[in-house]
Amino acid sequence: MLGTSSIAAKSMNCPKCQSPQIIKYGHTHYGKPRFRCQDCGRQFVEGATRQPIDETTHQLIDKLLLERLALAAIARVTGVSQRWLQMYVNQKFYQTPRTIEVTQKNRDG
Ligand SMILES: [Zn+2]
């Protein structure tokens, strides 16, 4: 007997350090089971960790962005959070190579 029965049977990973060493750690006020990472001590609730956005959703978001839909609308359609979407858009624009030349100011005038 190693006494490891408290380790959650489901394969979960710590949202912070991705460690699979997760133990049950009581419940939240809402009755949801709470878990704790044995590696970094992070406590979290199952379901609170957001699923990674899959490739299909990424492509759909890209299309919708091209349609110039509002972020709120895209978030509703694709089911992602507006906060995530905003971050995604920022990242996307940041990664886009700059092709716009900086207009030089005329010195005379
Ligand atoms: Zn952890």
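Start with the metal: four cysteine sulfurs, the SG atoms of Cys14, Cys17, Cys37 and Cys40, hold the zinc ion at 2.2 to 2.3 Å. Donors here are N, O and S atoms within 2.8 Å of the metal (3.2 Å for Na, K and Ca), and since water is not among the atoms, sites may look incomplete. Before going on, note that this is a predicted model, in which local features need pLDDT of at least 70 and side-chain atom pairs count only at pLDDT 80 or more, while totals for chains, interfaces and linings use all residues. Residues are numbered from 1 along each chain as its sequence is written, and side-chain values use heavy atoms, with hydrogens and water left out.

Back to the zinc ion. The angles among its four donor atoms run from 105 to 119 degrees, and the site is tetrahedral (four donors earn that label if all angles lie between 85 and 135 degrees). For reference, the ideal angle for four tetrahedral donors is 109.5 degrees. Read along the sequence, the donor residues follow the spacing C-x2-C-x19-C-x2-C. Cys14 and Cys40 are 26 residues apart and link distant parts of the chain: Cys14 sits in the segment before strand 1 (22-27), Cys40 in the loop between strand 2 (33-37) and strand 3 (43-45). Cys14 is buried, at 0% relative accessible area, whereas Cys40 is partly exposed at 33%. The cut-offs are under 20% for buried, over 50% for exposed and partly exposed in between, using a 1.4 Å probe and protein chains only.

Now step back to the whole protein chain. It has three helices and three strands, and from the N terminus on they run β-β-β-α-α-α. Helices (H or I, at least four residues) and strands (E, at least two) are DSSP runs, numbered from the N terminus. Of the 109 residues in the protein chain, 22% count as buried.

In the strand part, Thr28 is found in the loop between strand 1 and strand 2. Thr28 counts as buried because its relative accessibility is 17%. Leaving aside neighbours within four places in sequence, Thr28 is in contact (heavy atoms within 4.5 Å) with Arg34 and Val45.

What about the helices? The largest nonpolar core has eight residues: Ile61, Leu64, Ile74, Ala75, Val80, Trp84, Leu85 and Tyr88. Helix 1, helix 2 and helix 3 (82-95) each supply at least two residues of this core, and the largest share, three residues, comes from helix 3. A nonpolar core means a set of buried Ala, Val, Leu, Ile, Met, Phe, Trp, Tyr and Cys residues joined through side-chain atoms within 4.5 Å. Not counting residues up to four places away in sequence, Ile74 touches Ile61, Leu64, Leu65, Leu69, Gly79 and Leu85. A second, separate core of six residues includes Met12, Cys14, Ile22 and Phe35, so the zinc-binding Cys14 turns up there too.Finally, the backbone. Most residues other than glycine have a negative phi. Gln18, in the segment before strand 1, has a positive phi near 65 degrees. Arg68 has a positive phi near 60 degrees and lies in the loop between helix 1 (55-66) and helix 2. With a relative accessible area of 76%, Arg68 is exposed. Helix 2 (residues 71-78) has Ala73, Ile74, Ala75 and Thr78 as its buried residues, and is followed by Gly79, whose phi is positive, near 85 degrees.

How values were computed. Four donors count as tetrahedral if all angles lie between 85 and 135 degrees; four count as square planar and six as octahedral if opposite donors are over 155 degrees apart and all others between 65 and 115; anything else is irregular.
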